Structures are given as structure tokens and as C-alpha cells.
Amino acid sequence: MNIFSDLLLQKQQPTREKKQQKGIQIKTEREIGIMRQSARIVATVLKEIMVMVEPGMTTADLDAYAEKRIRAMDAIPSFKGLYGFPASICASINDEAVHGIPNRKKVIKQGDVLKVDTGAFFQGFHGDSCITIGVGTVTPAAAKLIKVAEEALYKGIEQVREGAYLLDLAGAIQDHVEANGFSIVEDFTGHGVGRNLHEEPSVFNFRTREMPNVKLRAGMTIAIEPIINAGSKITKMMPDKWTAVTVDKSLSAQFEHTVLVTKDGYEILTDRDLV
């Protein structure tokens with residue numbers, strides 16, 4: 001899940017969100033161990049959703065499944081109630097870039113580009129991840145968009161190590177996306193993650209001097225999440241005040257992992273290959 005607007009951040013947060021500590025939080029080995037568990041819960045749920053999605057299901061079906069599975073693993077859905085969000089997943093289809101609200105009337109169709117983003121709060125710590133699913137057979141253009149979005153995430157992750165800077169990640173992501181003819185949504189960024197779902201720093205996916213170019217330190221846990229569009233990078237908010245869509249109705253794709261910074265590189269805590 002991305003950093004929300006200032007207005008949304010001012011809303012009452014649920015009790016599972018601790019009082020925000022100032023600055024970047026370096027996790028202890030004990031805390032990292034718990035985060036591995038919360039992240040594994042998220043990875044498990046997303047891996048199962050990838051298998052079960054089919055045309056005719058609704059996004060509300062996926063939301064109900066995700067909440068049931070998260071709670072069955074002794075965790076709490078991170079998103080539900082956070083800043084007033086009503087569901088356990090964000091389910092965004094086609095030109096919906098991010099924060100789509102699950103709905104019983106939103107039927108998943110053959111060829112859809114479906115983004116599913118979720119988080120789990122386990123023993124005081126959050127895990128956060130997002131996948132994009134091509135439902136059934138998608139167009140070659142949609143397949144390329146999804147492929148490049150996932151590749152861009154890993155291009156960014158590959159830059160992670162103690163001593164690297166956020167601009168190293170951002171530049172690698174931006175270069176790969178733009179080399180393939182796509183654009184990066186700049187309205188939303190990744191973030192630190194831990195005791196709170198959203199912590200410092202903001203993890204941007206494009207070159208900028210408007211946000212701090214933080215030097216990474218071992219023990220940091222960050223959510224890296226590029227959102228890329230087939231057309232314009234600009235999004236607009238829908239009347240529900242949550243769903244952001246592309247202004248030109250072009251397709252959008254997103255991938256996200258919770259990543260631990262280590263002295264020698266990184267560890268992908270939400271790696272679905274490990275579940």
C-alpha cells in the first residue's frame with residue numbers, strides 16, 4: 001500500500017498502529033524475525049489468490065478470502081480500518097492504478113489486469129506486498145506492462161544494500177520503465193514498514209530532489225512498490241476518495257515487496273517463492 005494523501009493521514013488510525021516514532025527505525029534481530037513471519041503471511045495469501053482468481057469472481061470474493069486467511073494465521077489485516085479504508089485488500093482493475101475498494105458488483109473479467117495489494121499485522125509488525133495478475137489470456141500489450149512492472153521492482157531491489165541511496169533504487173526503476181515505453185506514477189511512493197504500516201522514509205520510484213535521498217542502513221525494512229502506466233503518468237481520484245485511476249484510461253500495473261536492508265545486500269521478506 002502506498003503513502004496516502006495528507007488528508008487521509010490525518011484520519012483516526014486504528015489501535016494496531018503505534019504512535020509514530022520520528023525518524024527511520026532500525027529493526028533488531030528479534031523484530032526482523034517477527035517481520036519475516038508477518039511478511040510470510042502476506043506472501044502466502046497473495047500466492048493463493050494468484051492461483052484462485054478466475055473470471056466471474058468479484059473483488060469482494062478476494063477480499064473475504066484474504067481476510068479469512070490472514071486471521072486464520074493469527075494475524076490482523078493491516079489495511080482494514082486504516083485511515084478508514086473498508087477492506088483487507090486493495091483490488092484495482094485495468095486503469096485503476098491503486099487503492100481500489102473491493103466490491104460485490106466489481107466482477108473480474110477475462111483479460112483484466114488485476115492488482116491485489118494486502119498487508120498483515122502479526123505480533124506487533126506489518127508485512128506489505130502487491131501483485132498484478134493477468135486474468136486468463138491478456139493482450140500482448142498488457143502482458144508486457146505486467147512483465148516490465150515486475151522487472152522494475154526487482155531492478156530497484158537489486159540496488160539495495162547498506163550504503164546505497166534511495167536514488168540508486170529510483171534511477172534503476174525509472175530507467176527500466178522508460179526504456180520500455182511506459183511511465184511511472186509519481187503521486188504515490190513506497191515507504192518504510194514495521195511497527196506501523198507506513199514509516200519513514202518515502203521510497204520513491206523516480207529521480208527527484210523533492211524527497212530526501214536517504215542512505216540505506218542494515219536493519220531498515222522498506223516497501224518498494226513501482227506503479228507504472230501504459231500511457232500518462234498522471235492519475236486522478238475517483239469520487240470514493242480512494243481509487244486512483246489513470247487520466248487517459250490506460251492500463252496500470254503494480255508490484256511491491258517488503259525488503260530488509262542487510263550489510264551485504266537485501267532479503268525479500270515477502271518472497272512468494274519461499275511459501
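## Cysteines

In this predicted model, the sulfur of cysteine 130 lies 8.1 Å from the closest cysteine sulfur, that of cysteine 90. A disulfide needs the two sulfur atoms within 2.5 Å. The distance is therefore too far for a bond. Seen from the other side, cysteine 90 has its closest cysteine sulfur in cysteine 130. The structure holds 0 disulfides.

Are these cysteines buried or exposed? Cysteine 130 is buried, at 0% relative accessibility. Cysteine 90 is buried too, with a relative accessible area of 1%.

## Nonpolar cores

The largest nonpolar core has 71 residues. Leu62, Leu114, Val116 and Ile224 have the most contacts inside it. Helix α2, residues 29-52, gives the most to this core: 9 residues. Another core lies apart from it and has 6 residues. Among them are Val98, Val185, Phe188 and Ile227.

What does isoleucine 224 touch, leaving aside residues up to four places away in sequence? Its partners include Leu153, Ile157, Val160, Leu169 and Ile173. Val203, Phe255 and Val259 are also among them. So are Asn205, Glu256 and His257.

## Open sheet

3 strands form an open sheet, in the order β6-β10-β13. The pairing is antiparallel. The edge strands are β6 (183-184) and β13 (252-254), and each pairs on one side only.

Strand β10 covers residues 227-229. 3 bridges join β10 to β13. Isoleucine 227 stands opposite glutamine 254 in β13. Ile227 also belongs to the core of 6 residues.

Terms used: Residues are numbered from 1 along each chain as its sequence is written. This is a predicted model: local features need pLDDT of at least 70, side-chain atom pairs count only at pLDDT 80 or more; totals for chains, interfaces and linings use all residues. Side-chain values use heavy atoms; hydrogens and water are left out. Buried means under 20% relative accessible area, exposed over 50%, partly exposed in between (1.4 Å probe, protein chains only). Two strands pair if DSSP finds at least two bridges between them. Helices (H or I, at least four residues) and strands (E, at least two) are DSSP runs, numbered from the N terminus. A nonpolar core is a set of buried Ala, Val, Leu, Ile, Met, Phe, Trp, Tyr and Cys residues joined through side-chain atoms within 4.5 Å. Contact means heavy atoms within 4.5 Å.
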